Amino acid sequence: MLKKLHLSTGKEGFYDVTNAVRHVLREYNVSSGICVVFCPHTTAGMTINEDADPDVTRDLMLAMGDTFHDRSDFRHAEGNSHAHWKSMMTGSSVTVIIDKGELVLGTWQGIYFVEYDGPRQRSYYVKIIEEI
Amino acid sequence: MLKKLHLSTGKEGFYDVTNAVRHVLREYNVSSGICVVFCPHTTAGMTINEDADPDVTRDLMLAMGDTFHDRSDFRHAEGNSHAHWKSMMTGSSVTVIIDKGELVLGTWQGIYFVEYDGPRQRSYYVKIIEEI
Amino acid sequence: MLKKLHLSTGKEGFYDVTNAVRHVLREYNVSSGICVVFCPHTTAGMTINEDADPDVTRDLMLAMGDTFHDRSDFRHAEGNSHAHWKSMMTGSSVTVIIDKGELVLGTWQGIYFVEYDGPRQRSYYVKIIEEI
């Protein structure tokens with residue numbers, strides 16, 4: 001059970017994909033297992049954080065930008081090494097537990113695709129491993 | 001095979017849950033597979049690091065606090081955006097291999113629940129996917 | 001399906017293990033599932049990032065070293081707390097999707113074992129969970 005999904009991003013930002021992942025779960029009608037949400041890009045990432053107050057992800061992007069900043073001694077000719085760095089710090093995938101047909105997430109948790117070098121046409125994968 | 005476990009945390013700290021995870025493994029009598037240890041909170045995380053010298057996690061918490069610090073330009077009204085940031089940097093889950101009925105961990109590795117915004121009553125999940 | 005692999009590292013560096021992981025995949029002849037690549041060391045980690053221009057990982061190591069630096073107030077007697085910190089920031093494992101017998105990686109992605117405290121003889125594990 002593998003699904004490739006798509007999104008269009010802005011310059012940078014946290015894109016909440018929780019409902020898109022839930023939709024895949026329902027489509028495959030899986031009761032129990034795990035779900036891997038994977039980002040196939042090297043200047044973006046996947047993370048889980050608060051999805052209630054949008055100021056949280058706004059603060060996170062602000063902090064990421066200042067701490068993992070561009071440097072004059074970076075050599076990568078494309079000039080986006082800081083976006084690769086943020087991608088590494090964020091991680092390329094998240095793994096979420098599936099139980100009773102639902103994602104097991106905390107009250108405040110949402111799954112985010114995080115763009116650090118847009119705007120771009122991006123994709124991500126939802127892979128479900130069902131527990132037999 | 002899914003287990004929800006609980007712990008009471010202090011203001012901040014690394015809580016070694018390795019033996020608790022091993023206990024779940026034995027309870028379910030799993031020989032081979034993987035184990036996902038998942039934190040359902042957005043101001044805490046899960047990581048793997050040294051569990052021999054307690055000065056290591058003491059140093060890690062010190063370094064995390066200074067680098068991923070609070071900022072006057074954070075907007076999130078609850079005032080704990082730096083804890084959300086540390087949570088994002090730490091990660092929401094770890095995946096550990098199971099072989100011959102044991103967790104496959106290195107000599108110095110332990111699994112930690114990391115609190116960044118306590119004291120709180122916290123929980124975490126241990127999900128086992130058995131290899132058939 | 002579990003394989004332990006070995007590598008000799010220098011002082012620090014990104015070691016591309018993508019082809020080694022692919023080799024394990026072919027050896028076991030797996031069509032569909034997930035693959036967990038796990039680092040059993042606490043001063044090294046696993047990550048996924050660009051494997052086209054070697055300047056990217058060179059820039060990443062430079063940035064990691066300056067941001068997650070040694071401190072005079074670290075107490076761990078071995079003197080390598082900054083390497084433990086980089087290990088925590090990098091993560092102990094990556095999870096990659098397997099489809100049609102291949103790793104599902106983006107065009108520019110490679111899997112890296114990252115050394116922060118070498119030179120050492122290191123190992124890592126490739127665990128495959130096949131989808132039935």
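1. Welcome to this structure! A good place to start is where chain B meets chain C: 34 residues of chain B and 30 residues of chain C take part in the contact. Please keep in mind that this is a predicted model.

2. How much area is buried between chain B and chain C? The figure is about 2600 Å², with carbon and sulfur atoms giving 63% of it. On the chain B side, Asp59(B), Ile97(B) and Glu131(B) together supply 19% of the area that chain B buries against chain C, more than any other three residues.

3. Next, the polar side of this interface. There are 2 salt bridges between chain B and chain C. One of them joins Asp66(B) to Arg71(C), whose closest N and O atoms are 2.8 Å apart. Counting residue pairs in polar contact across the interface gives 12.

4. Which elements of chain B give two or more residues to the side that touches chain C? They are strands S3 (33-38), S4 (44-50) and S5 (93-99), along with helices H2 (54-67) and H3 (81-90). The largest share, 10 residues, comes from H2(B). By type, the residues on this side of chain B divide into 17 nonpolar, 9 polar and 8 charged.

5. Finally, a look at the cysteines. Over all chains, the structure has 0 disulfides. Why is Cys35(B) not in one? The closest cysteine sulfur, in Cys39(B), lies 15 Å from that of Cys35(B), which is too far for a bond, since a disulfide needs the two sulfurs within 2.5 Å. Both residues are buried: Cys35(B) has a relative accessibility of 1%, and Cys39(B) has a relative accessible area of 0%.

Terms used. Residues numbered from 1 in each chain as written. Chains lettered and ligands numbered in written order. Predicted model: local features only at pLDDT ≥ 70, side-chain atom pairs only at ≥ 80, totals over all residues. Heavy atoms only, no water. Buried < 20%, exposed > 50% of the residue type's maximum accessible area, 1.4 Å probe, protein only. Contact = heavy atoms within 4.5 Å. Buried area = accessible area lost by both parts, 1.4 Å probe. Salt bridge = Lys/Arg side-chain N within 4 Å of Asp/Glu carboxyl O. Polar contact = N/O pair within 3.5 Å; in protein donor to acceptor, adjacent residues only side chain to side chain. Helix = DSSP H or I, 4+ residues; strand = E, 2+ residues; numbered from the N terminus. Nonpolar A, V, L, I, M, F, W, Y, C, P; charged D, E, K, R; others polar.
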